[in-house]
Amino acid sequence: IQERRVRLDVEYKTCKGSMEARYVIAHATTKLSKQQAQKMYRVTKKDPPKKITVQLFLNHDDDQHAVGSGAALDIAKSFAPHIGKIFIGFRTSQTTGLGAHILAPFLPTVEREALDLQDPSIAKFNTELLELSGMLLRITLQHTLQQLGELYQQQLPQLHALESKLLKLQPV
């Protein structure tokens with residue numbers, strides 16, 4: 001798993017916009033049973049992927065680092081959303097329900113507008129991929145909470161000193 005902060009700069013017509021986002025990427029190897037692989041091949045006419053990559057785009061800091069105006073800023077902000085979308089190479093109509101976009105090799109419906117969760121063999125693959133995406137989001141959240149805890153511990157002596165100072169100023 002790799003995580004980094006990225007600055008998304010957009011120029012559109014006469015407008016400029018930029019936004020900080022968090023980009024998370026993970027690589028995994030798939031292990032499907034022979035029967036599962038055959039069922040998926042029968043439906044998709046392709047062998048299932050042996051290696052997959054899951055990518056997330058998340059808001060960095062609730063728009064505090066967003067600058068610019070107009071359409072360019074809107075485009076930049078769309079990369080780090082408040083309500084994310086699921087991508088299968090392009091955006092589907094399905095949302096994540098979270099402030100994160102998920103890009104992974106999900107298998108779509110015939111209309112290519114949503115994840116296929118009807119065909120049993122495809123649904124199992126997509127469900128497992130959704131579960132992996134959820135674990136990746138959870139690890140990312142855990143990392144963020146750990147960083148906040150470390151920052152709090154660093155600031156604790158200063159907070160205690162400030163509290164002592166304020167207590168001395170309080171009338172008896």
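Here is a short conversation about how some features of this structure get their names.

User: What kind of model is this, and how are its residues numbered?

Analyst: This is a predicted model, in which local features need pLDDT of at least 70, side-chain atom pairs count only at pLDDT 80 or more, and totals for chains, interfaces and linings use all residues. Residues are numbered from 1 along each chain as its sequence is written, and side-chain values use heavy atoms, with hydrogens and water left out.

User: Glad to start! What makes E3 and R22 a salt bridge?

Analyst: The term asks for a side-chain nitrogen of Lys or Arg within 4 Å of a carboxyl oxygen of Asp or Glu. The side chains of E3 and R22 meet at 2.7 Å, N to O, so the pair fits that rule. It links distant parts of the chain, with E3 in strand β1 (residues 2-12) and R22 in strand β2 (residues 15-29), 19 residues apart. Strands, by the way, are DSSP runs of E with at least two residues, helices are runs of H or I with at least four, and both are numbered from the N terminus.

User: Why is R22 called buried and E3 partly exposed?

Analyst: Buried means under 20% relative accessible area, exposed means over 50%, and partly exposed lies in between (1.4 Å probe, protein chains only). R22 has 11%, so it counts as buried. E3 has 32%, so it counts as partly exposed.

User: How many salt bridges are there, and what joins E20 to R7?

Analyst: The structure holds three salt bridges. In the one between E20 and R7, the closest N and O atoms are 3.3 Å apart. This pair also links distant parts of the chain: E20 is in strand β2 and R7 in strand β1, 13 residues apart. E20 has a relative accessible area of 19%, so it is buried, whereas R7 has 41% and is therefore partly exposed.

User: How do you know that E128 and K124 form a salt bridge, and why are they about one helical turn apart?

Analyst: Their side chains meet at 3.8 Å, N to O, so the pair falls within the 4 Å limit. E128 and K124 are four residues apart in helix α3, which means about one helical turn separates them. E128, at 43%, is partly exposed, and K124, at 46%, is partly exposed too.

User: Why can such side chains pair at all?

Analyst: Side chains of opposite charge can pair when their charged atoms come close.

User: What makes L145 part of a surface patch?

Analyst: A patch is made of residues with over 30% relative accessible area and no salt bridge; like charges are joined within 9 Å, and nonpolar side chains (Val, Leu, Ile, Met, Phe, Trp, Tyr) within 5 Å. L145 has a relative accessible area of 44%, so it is partly exposed and clears the 30% limit. L141, L145, L148 and L151 form this nonpolar patch, with about 360 Å² of accessible area together. Such areas come from the Shrake-Rupley method with a 1.4 Å probe, and for residues only the protein chains shown count as cover. L145 itself sits in helix α3 (residues 120-169).

User: Which residues does S121 touch, and is S121 buried or exposed?

Analyst: Contact means heavy atoms within 4.5 Å. Leaving aside neighbours within four places in sequence, S121 is in contact with Q36, K39, M40 and V43. S121 is in helix α3 and has 5% relative accessibility, so it counts as buried.

User: How do you know that β5 and β6 pair?

Analyst: Two strands pair if DSSP finds at least two bridges between them. Two bridges join strand β5 (residues 85-87) to strand β6 (residues 91-95), so this condition is met. The two strands run antiparallel, and K85 has T95 in β6 as its bridge partner. β5 and β6 form a hairpin with three residues between them, and G89 in the turn has a positive phi of about 110°.

User: What makes the phi of K13 worth a look?

Analyst: Most residues other than glycine have a negative phi. The phi of K13 is near 55°, a positive value in a residue other than glycine. K13 is in the loop between β1 and β2, and its relative accessible area is 75%, so it is exposed.
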